Structures are given as C-alpha cells and as structure tokens.
Amino acid sequence: MYAQLCKRLTEEAPNFEPEGKPCTFRLLLLNKCRSEFENRAQATKFYERNDGIPLTTDEEEKRQLAKRKMLGNIKFIGELGKLGILAERVLHQCIQQLLLDSKKKIITEAAEDLECLSQIMCTCGRLLDYDMARGLMDQYFTRMKVLAENSELPRRIRFMLRDVIELRANNWVPRKATTVEGPMPMHQIRDDSDPPARSYTPPSRGGDGVGRSGGGGGLVSSLGMTDYFRPPNKIRPGGFDEIGYGYPSVGGPNQSHISQRYGNGYSGRDGGRDGHHNNNRGNFRGQNFQNHGKNYNHHNNHHNFNNNSVKELGPRLKKLMNDADNTNIEEVQLRPSANSMLFKQTQTKQPMLNTRSSGVLGPPPGRGVNLLNEPISNPPKAHAPLLHKEQPILIKQASQDKNKNARKDKGPNKEEVLKKVQTMMEEYMKNASVDEALSAYREHKIPDKFVTAVLHTILNHALDKSDKERDQVLNFVAALRKENLMTLHQFHDSVKEVVSQMSDKEQEIPKIFSHVANYAARSIILELMTLSDVAELTEGGSYYPLFMLTLQILNKEMGKAEITKLFNDSKINLMSTLPDVDRTKERMSEILEERGLTFLFPLLRIQSALWKQIQADPVPTQFYKWIKETLDPAHQTDSGFINALMTVLLKYISQESTLGEGSDPNLVPDKALQEKEKALLEKYKLVLKAFLHNHLDLQVTAVYSLQVFCYSNNFPKGMLLRWFVNLYDLEVIEEEAFFKWKEDISDDYPGKGKALFQVNQWLMWLAEAESEEEEDGDA
C-alpha cells in the first residue's frame, strides 16, 4: 500500500528539479531508502550487550520493534523495486551487499543481514530472476545454499534461507498461496461443526440429562433419536425434569403412562437405565418432592438436596421453586424474550422457512416434536411452539436487467478498450492522419487506468514493421503527449513492458532489439524519454546490447557533436550497462570501437597506450615527452587521464618491485623490495607532479586510483600505507588532498572502507602534525 502511494506521488507530486530529471519526491525517497539500508544494523545494535546482563522486558520489546522496522524497510525497498521506482541495479547492489557483509561480520550481525536478504528475495526475487540476470541469481543462491548448511548460524536463519531456496525451485510460487486470513465467520463454524437443524441442548448438572456424562441413554437415546431431541420451550405438566435440567419433577398426566410402558424406575429421561440408580430416582420422584424441608436421596445418596440447594439455581428457577405452590407452572416461560441477544443469534444462525402449503413458519418435519408427552406408538401430530412468530423472510432474486445496467455503468473493460485501439491503429496506419487518430482516441474515452496498456498495444502494433511505420507510431504518441492525453510516466511504463518482452519475442521477431532501440532513440529525439531513462532500463547489463544500439542510432540521427554533449550531460556510467564479463576498460574499448562510438570516450584507450609506451621505453623523460606529444592538452587535466596515468605507474612499479613474479601479497615484502619500490616512484615523481601540481581535485583522483588498484589486488599487505607515506614524503600529494579523500563519499571507487581502516592511524598522525605546525607558526 505504501509503495503504491509512493508510486503515485512520483507521478503527481510537484517537481522542483530541472526538466528531464527525476522528480524531487523520487530523489528524496531513494536517498532515504539508501540511508535506511546502509544504517540497518544501527537500529538493533543499541540493544546488544556484551556484559551478560539480559535485556529488560521494555528493552526487549523495543529491540523487537526496531527489528521489525528494519525488516519492514527492506520489504518496502523490494516493493519499490517491483513497481519500478528502484532500478534493478539497486536491488542487485543491496543483495550483493547483504551477502558480502554476512561473510565479514560476526554471527549475530550476519544473521540479521541474512534475514534481510531472505526478506528482499521473497519480495522481489521473482522480478530479478529472468534470463538476462539468471547468472547473478545463480551466484546468489549458490552462496545461500552454502550459508544454509553453516552450523554456526542460528537454525531459524538456516531454515529461512532454505525456504527461499525452495521458493525459487518452485518457480516463486509459495506453498500456501491461498491461505485464508482473518477469523472464520460464525455461519461457517456452524456449518462445519453441527447439522443445520440441530437445536441448542442446555448444559447438564449432575450428568443425568440426555447425552450427558452421567451414563445411560434415556428414552431418546435408547430409541436412536438423539438428533431429533430438543428441550421444550415451555414448562409442561410433566415438571422440571422434562426440561432436561436434572431437577425434581412434579409428575404429570403422562408419567404414569410412560412408567407403565418402561418400568417404575422411569424418570422422564433415563428410562433405559437399570439398577439401584433408577430406583432411587423413581422413589425420589414419587415420594420426596413435595417435602421441601426434608432431605431426599439422589444419585445413590451422593448429593443431599434440601432448601439450600435452591441457592445454586439461576435467578428465574430459584424464584420459580420458591413460588411453586402459588404459581401456575404452565404459564412460566423459559425461552428467551424476543428482543434478547440469544434469540437473535438463534434466528440468525438457523433461519427456518416452512415450504409446506400451510405457509406457517415452523420447524421442518420430524424436528421439534414433543416425544415425552406423546406415546411412542403414536406419530407426532403437532409441532413444538415457535420461539417467536415473525413474518417469513422472503428472498427476492435480483433483477438481471438491473445487473446489466450496473455493468454498463462501469464502462468498457480492458479487452474491449484494447480491441478498439487495435482497430484505430489499423486505420491510422492506412491514412496516416494524426488528427483523425486523435479524434478517434478521444471518442473512445479511455480510462486513465488503461492508458499504459493502450500505449503498450500501440508500440507493439508496429514493432515488427518498417522504421517509417515505427516513426509514424511515435509521432502519434508525441501528439497524445502534446494534447495531455497521456503522461510521460505512463509512456515509460509501456516502454518497460515492451523491453521486458523482447526475449520472449526474439524468435518471432529476430531483430527486435534493433527495433526497440529505434523506438528508444526516436523517443529521446522527440523528448518522450531521456538517455538516462534508457540507461536505467539496461542497468547491470540487462537487455544488452540495447543501450549500445540506441547510441548507434542516435549517432546516425544527431551526429557526433550533439550526441557527445547529450552523453556527457547525462553523466551515465557506460560500464554499468555492460554484462559482468565485459566490465573492463579493455573490453569496453573494444566494444566502442566495434560500434564506432570511441569518440564518446577519447581517454578510454589512453591507458592501454600508456602501458605499451612505458613497457617499450620506461625512461621517465621519454614517457613524459610521449604524453605531451600524443595527448590533446584539453585532456591532460581530465580526471580520466589522471586515473589512467596513475594506474599504469602503479602497475609498472609494483610489478618491478613488491608484486613481482613469485611474491606473496599476503606477506610484507622484504625491505630491499620496499626500497626499490620507493626508488622507482621517486624516479617518476616529476611526471606525476607535472600533471598534479596545484590541482587538488586531480590529486584526490590519484589517491582514488591507488585505492582501486589495491582493492583489485586484494589489498597487498602494507602496500596502501607505504604508498600514502611515499607520495606524501615526495610531495606528490598534499595534506589537503588526503583529508579530502578521507571525508569524500563516493560509490564510483570500491574499497573505501577497508582502505580507510588501513591508513586511518596515519591520517590521524598527519592531522596532529599539521596542527602542531600551525601552532608553531602562530608562536
């Protein structure tokens, strides 16, 4: 629900960003999600103790609340990904971060990361598990299978991982996809547990009623008619005992008749019992009832009933027994009143409609018959009195014409709308009249909720046709946008649907990638999309080579100068649009050269050229001369060139000294090798200073290049700190550049956390030394 709300806000909230940029709300939302994800462990870390003292109840409750909030945020991030607000690249980064952190952290923190991983996989794993990204998903689940067998992890986490693995093996279909949530309605409980016509049986006292625990079957049970028994609604001449409550009977006109048939021990309910018990009960009824002040024997003398026993009765029965001599017992009503809750529940649960010709509302045949007041040989002739006389409930069948009118009021359904649009597009492709197509579109009065599906149908209509027809389709879409008949967000969603179906239609339309790239390029020219929107669709190498094909078409349509400006303004990381196996500078250089796009990265090939030159002639002066002659002066202050130069020098110097053949990067190099490393760096000091002097930002770029080089080589022991010290001592990098690198936050250069850990103490020393120098200068 909240994710849907955010999606709507991204479409309708006011935008304070420049045209073509994501809306302000979306930027704020993404920043908040990033912050919550990166600080996910801080919520519960406050309640973790190492002193062995257990948490108080209040602290434990707060810890559980913080944990639920953390997992809720993770699920929310997944839901945003499902709605397309978060790019797939971001979801992959989250998953990779959780797997990576779980390897480095202690068991407690790793368990929380793996729980977050399970949550995000359950939420959006199905979305990420498609052909282009299946290689990554296989890697994730291979790692999860290993973790699921790790005995050091809590069992709950291991079983949670196994559930996710099983979910993927079952094609992301949960085992209980149709679980009914919430309490079961009362009428269902009634239907499942009791026959629909079963009457309420009062609770037993002393186990002497029909079907009670006192044993025996009684008249009704002995006849096998338990299901048909219901207690009378009114006290009959037979007395209390006929109600089934286990109280003395006053005797009635029918008692002698039944006693003659079933024996002297018949009690009105327990006529089928034998032995002393029945005799006691028979004597009890025949002799002792009228002596209210005397004790009488009951249930084999286990209970003494006297006047005090009346205290155990309900208020109405107590009053009834006290006034037995003065009250006409036939007038006493024990059934609930018409307006009582009990009566209403009974009527609600068991409405009985008499379908016989008499039209009188009553119980069905064979139910509610007074078996105790009629001889067994006589069939029942009268029905028991009704609880309450009401008019029969008439169920009137709804008019079919009314349903049809209600259906018409809802408007056309999705299939009808798409069918009309398909016919409209066929006419438009024939006459090529945008105005007529717009008029037809307005006449259809397409609901806003179907606009994305309509645009998807329009794009698919010319997907396998010529470039001219595809241009014609996009011209119509641009006209819709101009007339405010659709939004850019709706168009983007329709393009996403087209892109997501490319793999399925590739056999049917072999050149579908080129056709969709044509759509993307023309949409950029018509300002229906931006180059960043296309890059976001292809993030992480998805749908490769769609983005490269789009750049090629744009180059053909716009020319090198215009597309170069467009590409540079968009600030796209081209490397991220390539598959994992191609994400190297050398491979990207080859791809750009194959597609005629090398002008987009004039410095991309400079690194390989620099490496070849330094191997051919390692003399620093010659190397510097070659750079000045080969490289355009405008590029000599570019961060890409500094990155390439620093990387080449690092590679050359380390291979000639500390990282030579046969060296172990996990061990500190010999002192002789360290001295050789410093000497080579000093040899190329002038080359570095020539391009870095008085350029603080370029010096920071050089430090980042050193960080990435160490990261790519698994941080050889002591190398980063040695180079920091040497670059500082040789005055290649200034103090301000080191401090700026420390404070800078960037995701473009991996390994920053581990690098800071290795050089943090030295940086603290540098800060203290600088402050001491300032104090000495002031003195």
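The legends below describe close-up views of a predicted model.

**View 1. Helix 24 and its surroundings.**
Helix 24 covers residues 546-558, and because each of its 13 residues should add 1.5 Å, a span of 18 Å is expected, which agrees with the 18 Å that separates its end C-alpha atoms. Buried residues in helix 24 include Leu546, Phe547, Met548, Leu549 and Thr550, and further along the helix Leu551, Ile553, Leu554 and Asn555 are buried as well. The cover over these buried residues includes helix 20 (488-500), helix 21 (502-505), helix 22 (512-525) and helix 23 (531-537), together with helix 25 (560-570) and helix 26 (585-594). After helix 24 comes glycine 559, which has a positive phi near 95°.

**View 2. The largest nonpolar core, with phenylalanine 491.**
The largest nonpolar core is made of 69 residues, and those with the most contacts inside it are Met425, Ile458, Phe476, Phe491 and Leu551. Helix 22 supplies the largest share of this core, with eight residues. A second core, separate from this one, has 51 residues, among them Leu681, Phe691, Trp723 and Ile733. Leaving aside residues up to four places away in sequence, phenylalanine 491 touches Leu455, Leu459, Leu474 and Val477, and it also touches Met486, Ser523, Leu528 and Met529.

**View 3. Salt bridges around arginine 587.**
In the whole structure, a search finds 17 salt bridges, and arginine 587 takes part in one with aspartate 582, where the closest N and O atoms are 3.1 Å apart. Aspartate 582 has a relative accessible area of 12% and is therefore buried, whereas arginine 587, with a relative accessible area of 26%, is partly exposed. Arginine 587 also forms a salt bridge with glutamate 590, and here the closest N and O atoms are 3.2 Å apart. Both arginine 587 and glutamate 590 belong to helix 26, where three residues, or about one turn of the helix, separate them. An α-helix has 3.6 residues a turn, so residues three or four places apart point the same way. Glutamate 590 counts as partly exposed because its relative accessibility is 40%.

**View 4. A salt-bridge network that includes aspartate 129.**
Salt bridges link Asp129, Asp131, Arg134, Asp138 and Arg168 in a network. Within this group, aspartate 129 forms a salt bridge with arginine 134, and their closest N and O atoms are 3.2 Å apart. Aspartate 129 counts as buried because its relative accessibility is 13%, while arginine 134, at 31% relative accessibility, counts as partly exposed.

**View 5. Helix 4 and the glycine after it.**
Helix 4 covers residues 57-82, and because each of its 26 residues should add 1.5 Å, a span of 38 Å is expected, which agrees with the 37 Å between its end C-alpha atoms. Buried residues in helix 4 include Ala66, Lys67, Met70, Leu71 and Ile74, and Ile77, Gly78, Leu80 and Gly81 are buried too. Helix 4 is followed by glycine 84, and the phi of this glycine is positive, near 85°.

**View 6. A nonpolar patch that includes methionine 1.**
On the surface, Met1, Tyr2, Leu5 and Leu9 form a nonpolar patch, and together these residues have about 480 Å² of accessible area. Methionine 1 lies in the segment before helix 1 (2-12), and methionine 1 counts as exposed because its relative accessibility is 76%.

Methods:
Residues numbered from 1 in each chain as written. Predicted model: local features only at pLDDT ≥ 70, side-chain atom pairs only at ≥ 80, totals over all residues. Heavy atoms only, no water. Helix = DSSP H or I, 4+ residues; strand = E, 2+ residues; numbered from the N terminus. Expected span 1.5 Å × (residues − 1). Buried < 20%, exposed > 50% of the residue type's maximum accessible area, 1.4 Å probe, protein only. Contact = heavy atoms within 4.5 Å. Salt bridge = Lys/Arg side-chain N within 4 Å of Asp/Glu carboxyl O. Core = buried A, V, L, I, M, F, W, Y, C linked by side-chain atoms within 4.5 Å. Patch = residues over 30% accessible without salt bridge, like charges linked within 9 Å, V, L, I, M, F, W, Y side chains within 5 Å. Areas by Shrake-Rupley, 256 points an atom, 1.4 Å probe, with all protein chains shown as cover.
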